[in-house]
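Thanks for coming. I have one structure to go through, and I will keep it brief. Please look at the sequence and the model as I talk.

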Amino acid sequence: ADFQAIVLDEVDSTNSEAERRIANGDPTPFVVASRLQTQGRGRLGRVWHSPQNGNLYASFAFRPQVSPSQISLFTLWMGINICECINSICRTSCQIKWPNDLHVEGKKVAGILTEARMEADLVLNVVLGIGLNVNSDASTWPDELKSIATSLNQVAGETFDINKLVSTLTGRIAIAYRKLLDGSHKAELKERWARYDSLLGKNVALLQGDQRISGIASGIDSSGSLIIERADGSRYLARAGEVTIEKQ
Ligand code: BTN
C-alpha cells in the first residue's frame with residue numbers, strides 16, 4: 001500500500017489532523033506532516049513543544065487488521081523500524097527506550113504517540129505520530145531540557161532535510177506495515193528489539209500508579225510487554241507504565 005503524503009505549514013496537531021481525515025473517510029494509509037504544530041501532544045496528556053525550527057512532526061494513519069490488544073505491539077514494531085531508519089540515514093546510534101522513546105547518547109531525540117479508535121463498522125483506525133528533534137539548536141534550550149533531550153543536529157553535527165527524512169521514514173514504515181499485515185514481523189521483532197534496547201540488562205524501576213516495581217530489564221515478550229527480573233527471582237511483565245533507569 002502506498003502512502004499518500006500531505007505536507008502542511010501549520011496545524012494544531014498532525015495526530016488530530018489525521019484523525020479528522022479518517023473521520024472524513026479519507027483512504028488509508030496516508031501520512032500528514034507539518035512544519036509547525038500549535039497544539040502538539042505527547043503521551044500521558046503532556047504537551048509536545050513544536051516550534052518551527054526544523055523538527056519533524058508527522059502522523060501515519062492506518063486501518064490495520066489488528067485487535068485493540070495488538071496496538072502496543074504495533075507501536076513497538078513501528079518504533080524499532082523508525083529507530084533503525086534514523087540510524088541508517090543519520091549514522092547515529094539511536095536506541096529505543098520501552099515503550100516508545102528514541103534516545104541517542106542517553107537523551108531523548110524522538111517520541112511516538114499512537115492513538116487508536118474503533119470506527120462504526122468495527123474497523124480499528126490507528127494514528128501513529130512521531131515527533132523527532134532534527135535541526136533545532138539544543139544549545140538554546142533551557143537547562144532542564146538540555147539534560148534530558150537532544151536533536152539529530154546536535155549529535156551528528158549536520159543539518160538534515162526534513163522532507164527527505166519524512167519520505168525515507170514513510171518508505172520504511174510502508175515496508176514495516178506490509179510485514180505486520182503478513183505476520184512476518186513476529187519472527188523479527190524480538191531480535192531487532194534486543195539490538196537497540198536501551199534498557200537491556202539495566203536496573204530499572206517501573207512506576208504504575210503508586211506501585212513501584214524494580215529489577216533488571218530483560219527485553220520484551222511476544223506481546224510487547226517489558227520483562228523485569230526481580231531480585232526474588234520472579235518475573236514481572238509490564239504492559240504499560242513509565243520506566244526509569246536506576247543507579248547501576
Ligand atoms: C511522547 O514522547 O510523549 C510522544 C510525542 C509525540 C509527538 C508527535 S509530533 C507529531 C504527532 N502530533 C502530535 O500532536 N503528537 C505527535
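The expected span of a helix is 1.5 Å times one less than its number of residues. Keep that rule in mind, and keep in mind that this is a predicted model.

Now take helix 2, residues 71-90. With 20 residues, helix 2 should span 28 Å, and its end C-alpha atoms are indeed 28 Å apart, so the two values agree. How many of its residues are buried? The count is 17 of the 20, so helix 2 is largely enclosed by the rest of the structure. Just after helix 2 comes R91, with a positive phi of about 50 degrees.

Two cysteines come next. C85 is buried, at 0% relative accessibility, and C90 is buried too, at 2%. Why is there no bond from C85 to C90? A disulfide needs the two sulfur atoms within 2.5 Å. The closest cysteine sulfur to that of C85 is in C90, at 8.1 Å, which is too far for a bond. For the structure as a whole, the number of disulfides is zero.

Last, L56. Where does it sit? L56 is in strand 3, which covers residues 56-62. L56 is buried, because its relative accessible area is 1%, and buried means under 20%. Leaving out residues up to four places away in sequence, L56 touches I130, G131, L132, V134, I162, L165, V166 and L169. L237 is another matter: it lies 181 residues from L56 in sequence, and the two C-alpha atoms are 33 Å apart in space.

That is what I have.

Terms used
Residues are numbered from 1 along each chain as its sequence is written. This is a predicted model: local features need pLDDT of at least 70, side-chain atom pairs count only at pLDDT 80 or more; totals for chains, interfaces and linings use all residues. Side-chain values use heavy atoms; hydrogens and water are left out. Helices (H or I, at least four residues) and strands (E, at least two) are DSSP runs, numbered from the N terminus. Buried means under 20% relative accessible area, exposed over 50%, partly exposed in between (1.4 Å probe, protein chains only). Contact means heavy atoms within 4.5 Å.
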